[in-house]
Amino acid sequence: MRLEELRIEYQAKPIGLDVRKPRFSWIIASDEKNVLQTAYSILVTKDGETVWNTGRVDSNSSVLVEYQGIELEPCSLYNVLVEVWDNKGNQSCIESYFETGLLKGTNLKADWITHNFEAEEQACPVFVKEFKTEKEIDTVRVYATALGVYEIKINGEKIGDTYFAPGWTNYKKRLQYQTYKADGMLKEDNKIEITIGNGWYKGIFGFMCTPNIYGDRVAALAEIHINYVDGTKEIIGTDESWKVTTGAIRSSEIYMGETIDSCYIEDEVSDVQLFSFDKNIIVGQESEPVRITERLSAKEFIVTPKGERLIDFGQNITGFVEVKVKGTVGQKITIKHAEVLDKDGNFYPETLRQAVSHDVYICNGEEQTFIPHFTFHGFRYICIEGLEEIKLENFTACAMHTHMEQTGSFTCSNPLVNQLQSNIQWSQRDNFLDIPTDCPQRDERLGWTGDAQVFAATAAYNHNVALFFTKWLRDLASEQTKELGVPHVIPNILGAQEGASAWSDAATIIPWVIYQTYGDVRILEDQYESMKGWVDFITSRCGENGLWQTGFQYGDWLALDKEESADRTGATDKYLVANAYYAYSTDIVRKAAKILNKNEDAKIYDELYEKIKIAFNDEYITKTGRMVSETQTGCVVALHFDLAEEKYRERIVSALATNIANHKNHLSTGFVGTPYICHALSDNNLHDLAGTIFLQEDYPSWLYSVKKGATTIWERWNSILPNGDFDVSGMNSLNHYAYGSIGEWMYKRLAGINALEPGYKKILIKPEFIKGINSVSATFKSVHGEIKSAWICKDKCIKVDIEIPANTTAIVYLPEQENPIEIGSGSYHYEYVTETSLEKERFSMDTKLEEIMNEPIAVQIFTQYAPQMLDNPMIKLVYQNTLAEVLSSAPDIQPLFQMVVDTLNKSYKSE
Ligand code: BGC
């Protein structure tokens with residue numbers, strides 16, 4: 001047994017940690033099976049002195065164990081030693097450390113400084129300080145923040161490898177500072193430069209392209225802490241002695257791009273001005289920083305029919321392009337960005353709307369490498385102007401996002417599905433840039449709560465999003481009010497507006513996802529008032545019938561069942577959706593109250609939940625079990641949120657199946673129905689139908705966009721039409737993760753990886769086959785360690801490989817086997833032959849339709865058994881249409897016909 005990882009607040013060896021009671025998590029690895037932790041001990045020391053020693057604690061907790069020692073001091077190094085004992089008589093230990101940050105914003109004693117430039121000055125100010133050091137230096141830390149986005153150089157070299165600090169928070173109430181290790185960067189004579197771009201603070205932002213949202217003046221606050229070898233310490237902080245100038249960055253805006261003039265001769269320096277900004281709102285960096293996480297080489301040089309000269313990077317990303325060039329003095333090179341080419345192969349930047357996204361570089365005659373500093377673009381293609389010779393090796397696309405750890409992988413036998421998974425993961429990376437944005441390219445890039453809410457569960461499979469959402473949820477809570485509830489975007493730059501369902505429900509759903517995924521109770525404690533506040537807000541809007549039926553709603557945003565009209569909110573009754581979420585959020589709050597031992601609240605929200613359910617049934621389901629909105633999404637939410645009374649469920653399932661069949665086995669759902677439709681089908685004995693709609697390749701479907709060459713998830717099912725035209729509604733992003741929310745179903749149902757207890761302390765492995773996929777292999781790195789589920793169904797045989805991390809247990813349902821198996825940690829291999837697997841193999845989607853038609857047995861069993869199958873709503877439906885009708889509508893009948901044959905064949909076999 002060995003300890004593989006020791007994390008402190010989810011991080012390995014964090015510095016600048018601003019958490020007073022950090023939590024420790026470790027991962028146990030072992031070659032033995034059924035390993036459980038029996039005890040641990042944690043020793044935390046500072047300068048060799050013990051500050052916390054738990055001694056040996058008999059416990060199986062290995063995740064998020066909270067520090068209970070002497071109060072932590074700021075800017076201090078703490079060593080941590082964890083020792084663990086297991087049930088096999090082994091013992092092992094692991095060491096790590098963390099360094100605290102300032103622990104309080106007001107511990108920053110330096111002054112806020114700003115400039116006094118003319119209002120029309122576009123260039124980024126550079127704050128400068130020169131100083132000498134005389135003694136031998138041990139360590140150097142820089143604590144810094146800004147109003148705007150900043151970069152610090154010490155003696156010409158950038159400190160850290162991060163971008164867009166201090167990140168985007170609700171600057172009215174919360175501003176992060178960052179801690180940098182700058183050991184070895186100081187000399188005797190030193191120059192510090194802090195350059196500030198407008199960023200989110202002062203920059204043009206929102207679809208109205210509004211400038212100065214938080215303030216009209218950027219400012220800096222920084223301290224360089226120099227610890228000398230002799231034990232003394234000196235702090236160089238921003239103050240009146242600093243100077244300010246402008247440099248090569250002549251303008252920079254997130255939406256518009258950046259202009260760098262490397263011929264520019266530095267301005268005269270001028271005095272800085274002191275600036276006042278509340279230090280009480282300053283907090284340490286809360287999530288991982290934004291970094292360049294991948295560098296993509298140029299794939300192809302293209303000259304378009306219009307004569308534009310482009311480079312294709314093969315992948316839609318967020319970031320910028322690094323350009324290597326040796327131009328003449330004053331030569332101007334412009335890099336324009338776009339996600340896509342139009343159907344004639346020309347550059348198509350329309351999806352960016354008003355976000356110009358041009359980076360402009362003015363050369364100085366030498367070999368130069370240009371990157372912008374304070375802007376990012378959503379693009380796959382660049383268009384280059386002002387450069388004669390274009391060599392692919394001189395262009396590198398830098399993909400950037402919050403540097404979350406990748407935790408999930410999913411591959412299967414279907415290459416289109418693998419591309420879909422890649423698209424989901426890329427859209428997540430591209431849009432998790434400090435906040436969860438709707439899209440990374442157009443004049444928006446806002447923290448739309450609805451998008452984040454529907455995608456959160458999928459996101460938590462793909463990457464560790466605990467810190468990312470912890471930070472953003474704090475902003476959500478800080479923007480929430482009793483009067484208006486939770487805003488639609490966080491941070492809120494859209495102004496006062498009442499909360500809307502599915503969007504504002506991010507307040508309850510996302511903390512719940514984080515709790516379930518990581519076993520993180522603190523997020524429930526921290527967000528509890530916000531969660532409860534959101535439900536209370538809805539209650540305050542309810543009428544006498546106990547339902548929320550007033551005010552603006554997004555409904556089933558972008559659903560196809562009404563999109564032809566100007567209305568983007570879909571056909572499902574908006575208040576049906578609102579009340580479904582009301583119940584769902586209340587359910588979460590009552591569960592959270594129980595976990596937090598808030599017994600009185602638990603009772604109140606229990607009762608409220610039951611009341612909403614009754615009111616929902618009264619209002620939206622007739623006494624005969626018919627949904628008032630018999631749309632796919634209407635049925636899906638009633639089923640998935642477990643709202644419909646038991647006696648109505650069958651009819652609702654059948655209505656859902658009918659609706660899907662009427663859409664020729666395609667979905668018509670929007671933001672609300674899409675994440676749940678396959679779950680609702682799989683949970684209600686229609687897993688095959690879930691598989692059918694999941695694997696559709698024509699419009700509308702997930703794989704339609706894949707077949708159209710998408711490398712990220714589109715905002716709309718029809719962002720690009722079958723004939724290659726674009727949706728021209730003025731809202732058409734090709735990088736919008738909301739519909740990527742199918743990822744959760746892929747991990748849960750196809751790979752079968754589920755948490756039975758928060759943090760995957762107990763795991764459920766339950767893969768379920770669908771026709772058209774013969775093998776799946778998925779991993780998920782839980783907080784306890786990596787879980788693996790892989791299966792293959794081939795040559796009349798099912799093989800399953802499972803890995804369960806130490807200190808957890810699992811219940812396994814092998815595919816197509818009746819009884820569950822309970823297992824402990826370790827690697828397991830199962831191999832077996834079943835009748836059903838043979839059928840699946842024979843009638844898999846890979847099998848051509850002709851083959852089925854050539855099977856005389858298929859026709860025979862159809863005629864023989866069809867009448868008996870009339871009780872099955874699906875078959876009834878197909879049967880009623882008559883076989884002839886079904887067949888005449890070829891080629892769309894393939895899945896339907898196959899389903900009939902398959903189901904009948906199953907019954908034939910079981911005779
Ligand atoms: C965004 C969406 C968002 C929606 C809400 C759009 O402009 O891109 O994804 O949720 O507005 O109206």
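Which element gives the largest share of the lining of the second largest pocket? In this predicted model, that element is strand 16, with 5 residues. Strand 16 spans residues 175-181 and is joined by other contributors of two or more lining residues, namely strand 2 (15-17), strand 25 (282-284), helix 4 (466-479) and helix 6 (521-541).

The pocket itself is worth a closer look. The second largest pocket holds about 1200 Å³ of space, and 44 residues line it. Nearest to the centre of this pocket lie Q11, P14, I15, Q285 and S287. By character, the lining comprises 17 charged, 15 nonpolar and 12 polar residues.

Helix 6, one of the elements that give two or more residues to this lining, also has a helical partner to consider. Helix 5, formed by residues 506-518, packs with helix 6 at an angle of about 160 degrees, and the two axes are 8 Å apart. Because angles over 145 degrees count as roughly antiparallel, helix 5 is roughly antiparallel to helix 6. The crossing in which helix 5 passes helix 6 is left-handed.

Turning to the annotated region, the unreviewed UniProt entry assigns residues 752-820 to the feature "domain: Alpha-L-rhamnosidase C-terminal". In the model, strand accounts for 54% of the chain over residues 752-820, while helix accounts for 0%. The C-alpha atoms at the two ends of this stretch are 13 Å apart.

Note on methods:
Residues are numbered from 1 along each chain as its sequence is written. This is a predicted model: local features need pLDDT of at least 70, side-chain atom pairs count only at pLDDT 80 or more; totals for chains, interfaces and linings use all residues. Side-chain values use heavy atoms; hydrogens and water are left out. On a 1 Å grid over the protein atoms alone, a cavity is a set of points where a 1.4 Å probe fits but cannot get out, and a pocket is an open set with protein on both sides within 12 Å along at least five of seven lines; lining residues have an atom within 4 Å of a point. Grid points are joined across faces, edges and corners, and a volume is the space filled by probe spheres set on the points. Helices (H or I, at least four residues) and strands (E, at least two) are DSSP runs, numbered from the N terminus. Ala, Val, Leu, Ile, Met, Phe, Trp, Tyr, Cys and Pro count as nonpolar, Asp, Glu, Lys and Arg as charged, and the others, Gly among them, as polar. UniProt positions are given in the numbering used here, feature names are shortened, and annotations may be inferred rather than shown by experiment. Axes are lines fitted to C-alpha atoms, for helices over the stretch in contact, and angles run from 0 to 180 degrees between N-to-C directions. Angles under 35 degrees count as roughly parallel, over 145 as roughly antiparallel, 65 to 115 as roughly perpendicular and the rest as oblique. A crossing is left-handed if the near helix is turned anticlockwise from the far one by less than a right angle, and right-handed if clockwise.
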